[in-house]
Amino acid sequence: MDELLISGMQELRTTLNAALENQRKSAKRHESVIAFSRAMFDHAYGYRNVYFALLNTGAWPIVRQQLQEVLAELIRRECKAEITKLKTANSDVPVDLFVHYLTSAFFAVLIWWMDRRSRLTPSQIDEVFRSLVLPTVHAVLG
């Protein structure tokens, strides 16, 4: 199980990094910090039967922690890049708190979507997620 989890997380990390690279070129101002979101919703949708099977098992907290670490790493890297572009952080929000907030908000939406077996498509739930967090992203990053 551990080896499968590690392998799966590496594959996911590669997929999300590729999505970030593609989105970075077309992302609107500061949106690169959440450029992973559509790819992650697509991934979750593609593996929804696995997610449903895991949600009520002892393995879910471990999988969730691993997923959160992957996303937090991506968000942290993109936040640092955005802040470097700005040369200053005009916000009083600590970067670690901002990363935690975005990661937690993403998981709140993902779990809501999965738990309810929502009929929203990955594209639709991504739009919902973005509508919830982009005002904060723009407020924090300027």
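Helices and strands here are DSSP runs, numbered from the N terminus; a helix has at least four residues, a strand at least two. The model is predicted.

**Exercise 1. Fold and confidence**

Task: State how many helices and strands the protein has, and give the order of its elements.

Solution.
- Count the elements: there are six helices and zero strands.
- Read from the N terminus: the order is α-α-α-α-α-α.
- Check the confidence: the mean pLDDT is 82, and 85% of residues reach 70 or more.
- Find the extremes: helix α1 (residues 2-26) has the lowest mean pLDDT among the elements, 70. Helix α6 (residues 122-141) has the highest, 93.

**Exercise 2. Burial and contact range**

Task: Find what share of the residues is buried, and which side of helix α3 its buried residues take.

Solution.
- Take the whole chain: 42% of its 142 residues count as buried.
- Go to α3, residues 48-55: its buried residues are Y51, F52, L54 and L55.
- Look down the axis: these residues span an arc of only 165°, so they lie on the same side of α3.
- Turn to contacts with a separation of 6 or more: 78% of them join residues 24 or more positions apart.

**Exercise 3. Two helices packed together**

Task: Classify the packing of α2 against α5 as roughly parallel or roughly antiparallel, and name the residues in contact.

Solution.
- Start with the geometry: helix α2 (residues 37-46) and α5 pack at about 30°, and their axes are 11 Å apart.
- Apply the cut-off: angles under 35 degrees count as roughly parallel. Therefore α2 is roughly parallel to α5.
- Add the hand: the crossing of α2 and α5 is right-handed.
- List the contact: α2 supplies S37, M40, F41, A44 and Y45. From α5 come F106, V109, L110, W113 and M114.

**Exercise 4. Two arginines**

Task: Decide whether R117 and R130 are buried or exposed, and describe the setting of each.

Solution.
- Place R117: this residue sits in the loop between α5 (95-115) and α6.
- Test its accessibility: the exposed class begins over 50%. R117 has 56% relative accessibility, so R117 is exposed.
- Inspect the backbone: phi of R117 is near 45°, a positive value in a residue other than glycine. Most residues other than glycine have a negative phi.
- Place R130: this residue belongs to helix α6.
- Test again: buried means under 20%. R130 has 12% relative accessibility, so R130 is buried.
- Name its partners: leaving out residues up to four places away in sequence, R130 touches E31, I34, A35, S37 and P135.

Key: Residues are numbered from 1 along each chain as its sequence is written. This is a predicted model: local features need pLDDT of at least 70, side-chain atom pairs count only at pLDDT 80 or more; totals for chains, interfaces and linings use all residues. Side-chain values use heavy atoms; hydrogens and water are left out. Buried means under 20% relative accessible area, exposed over 50%, partly exposed in between (1.4 Å probe, protein chains only). The arc is that of the directions from the helix axis to the C-beta atoms. pLDDT is the predictor's confidence in each residue, from 0 to 100. Contact means heavy atoms within 4.5 Å. Axes are lines fitted to C-alpha atoms, for helices over the stretch in contact, and angles run from 0 to 180 degrees between N-to-C directions. Angles under 35 degrees count as roughly parallel, over 145 as roughly antiparallel, 65 to 115 as roughly perpendicular and the rest as oblique. A crossing is left-handed if the near helix is turned anticlockwise from the far one by less than a right angle, and right-handed if clockwise.
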